[in-house]
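I am opening a notebook page on this structure, to set down in order what I looked up and what I found. The entries follow the strands, a helix, the cysteines, the empty spaces and two backbone angles.

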Amino acid sequence: MTYIEELGAKAKKASYTIAKASTEKKNEALRAIAKALIDNTEKIIEKNSLDIAKAKDNGISDVMIDRLRLDEKRIKAISDAAIKLTGLADPCGEVVGGGIRPNGMKIEKVRVPLGVIGIIFESRPNVTVDAAALCLKAGNAVILRGGKEAINSNICLVEIMREAIKTVGFPEDVIQVITDTSHETANEFMRCNTYVDVLIPRGGAGLIRACVNNATIPVIETGTGNCHVFVDETADADMAVNIVNNGKTQRPSVCNAVESLLVHEKIADRILPLIKAKLDEHNVEIRGCKKTLEILGESDSVKPATDDDYMTEFLDYIISCKVVSGVDEAIEHINRHTTHHSECIVTENFTNAERFAAEIDAAAVYVNVSTRFTDGEEFGFGAEIGISTQKLHARGPMGLTELTTIKYLIRGNGQTR
């Protein structure tokens, strides 16, 4: 067997144990993980510092290094998230439908774990714990494949979690990590359909495209967010400024950050200078259309936009901008460039709000609310595995329920057909 096949076989075997575990047993494992993370904080920070140092040597941007960094506060937050999962309802075993047929057969539609979940992700080592904890609570085994940027952190975190779940009687192989970060191993992992039931990529467009193109395992696409805000002609100016600023600058390195701004031509002269003044506080670069440059003037912080800029997830202090003729052009532009993540309209016009909500093709559509709320925690789901931007099985923030499938249980007393 190859290295990946060995991991897959171990995960498949472990999945049968976790699938039949009680809610309390799974919660006990989560509490053990949470405690172990706190107890090993110094060790985690030490291993994380190796990744940070290497990232700096490789010229990684400060924004991306922030995604990589673990400190006491973030480790405490990760531990708290595991504890919070213990308070969420366990979807496994939930009867979601069914009935009694005319011949007396009783049919139940029941939630069950997916089985073995493979997760490929980039940079953020907190995903290592969040993903493992979510998969565990939903009764699944998980194989994690993080990027080389966080390999020391990821190996350390998985070792801690494996030891923790072993103390409550679960097999260690409920949680595994791929230590070989080569592309060849990643490609083999994507084709390990003998053992892995579903693959979830969390990262940039390149990673997701690679998984979709190469995988023989069913893929749930997550993450890429070319998110837009359209400021309509009736928009409240202060609200528009705050929503754009929050969406772009509160945390620019995440998938629900705003990447593109559309402004109605009737208010562009008034609203664009106000938005720019606020974004200037964070040194945001605006890449705008001809009309944007006419209003704001070309400078070091205002540059001409290319066609590619309107399709780019910057994950940085950069935003594309276009002045549009109205809601029709805004909808057409967004649907042409969207990654189907989160889109927003700022308006006081009910008709335009309803049109935008109905016609925009995205997992989350906002009216007068920042796109930064596309998050399992903010939606009240507890933790999340990612934001699904596809339409099959799961869409939007993926919580525990989205990490299950269904099974039909049919009971009778000898019926034949």
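**Strand β11 and its partners**

I began with a pairing, and found that His-264 stands opposite Val-324 in β11. The model I am reading is a predicted one, which I keep in mind for every entry below. His-264 ends strand β8, residues 258–264, and this strand runs parallel to β11, to which five bridges join it. I then looked up strand β9, residues 285–288, which is also parallel to β11 and is joined to it by four bridges; here Arg-287 stands opposite Ser-320.

How many residues of strand β11 are buried? I counted seven of the seven in the run 318–324, so the strand is largely enclosed by the rest of the structure. Taking the two faces in turn, I noted Ile-318, Ser-320, Lys-322 and Val-324 as buried on one side, and Ile-319, Cys-321 and Val-323 as buried on the other.

**Cysteines**

Since Cys-321 had come up in β11, I checked the sulfur distances next, and the count of disulfides came to zero. The sulfur of Cys-321 has its closest cysteine sulfur in Cys-289, at 6.1 Å, which is too far for a bond because a disulfide needs the two sulfur atoms within 2.5 Å. I also recorded a relative accessibility of 1% for Cys-321, which counts as buried.

For Cys-156, likewise in no disulfide, the nearest cysteine sulfur is that of Cys-135, 20 Å away. Cys-156 is buried as well, with 3% relative accessible area.

**Helix α9**

In helix α9, residues 205–214, I marked Leu-207, Ile-208 and Cys-211 as buried. Seen down the axis of α9, these buried residues fall within an arc of 95°, so they line one face of the helix. This fits the general rule that residues three or four places apart point the same way, because an α-helix has 3.6 residues a turn. On the other side of α9, I found Arg-209 and Asn-213 exposed.

**Cavity and pocket**

Which residues line the largest cavity? I listed Ile-78, Ala-81, Ala-82, Leu-85, Val-129, Asp-130, Ala-133 and Ala-383. By class, the lining holds seven nonpolar residues, no polar ones and one charged. Helices α5 (72–86) and α6 (126–137) each supply at least two of the lining residues, and the largest share, four residues, comes from α5. The space inside is about 40 Å³, and a search of the whole structure finds one cavity of 30 Å³ or more.

I turned then to the second largest pocket, which holds about 310 Å³ of space. It is lined by 14 residues, of which Ala-205, Glu-221, Thr-224, Thr-338 and Thr-339 are the closest to its centre. The lining of this pocket divides into three nonpolar, eight polar and three charged residues.

**Backbone angles**

Last, I looked for a positive phi outside glycine. Asn-368 has one of about 60°, and the residue lies in the loop between β13 (364–367) and β14 (386–388). Is Asn-368 buried or partly exposed? At 25% relative accessibility I entered Asn-368 as partly exposed. His-393 is not a glycine either and has a positive phi of about 70°; I placed His-393 in the loop between β14 and β15 (396–398).

Note on methods. Residues are numbered from 1 along each chain as its sequence is written. This is a predicted model: local features need pLDDT of at least 70, side-chain atom pairs count only at pLDDT 80 or more; totals for chains, interfaces and linings use all residues. Side-chain values use heavy atoms; hydrogens and water are left out. On a 1 Å grid over the protein atoms alone, a cavity is a set of points where a 1.4 Å probe fits but cannot get out, and a pocket is an open set with protein on both sides within 12 Å along at least five of seven lines; lining residues have an atom within 4 Å of a point. Grid points are joined across faces, edges and corners, and a volume is the space filled by probe spheres set on the points. Ala, Val, Leu, Ile, Met, Phe, Trp, Tyr, Cys and Pro count as nonpolar, Asp, Glu, Lys and Arg as charged, and the others, Gly among them, as polar. Buried means under 20% relative accessible area, exposed over 50%, partly exposed in between (1.4 Å probe, protein chains only). Two strands pair if DSSP finds at least two bridges between them. The arc is that of the directions from the helix axis to the C-beta atoms.
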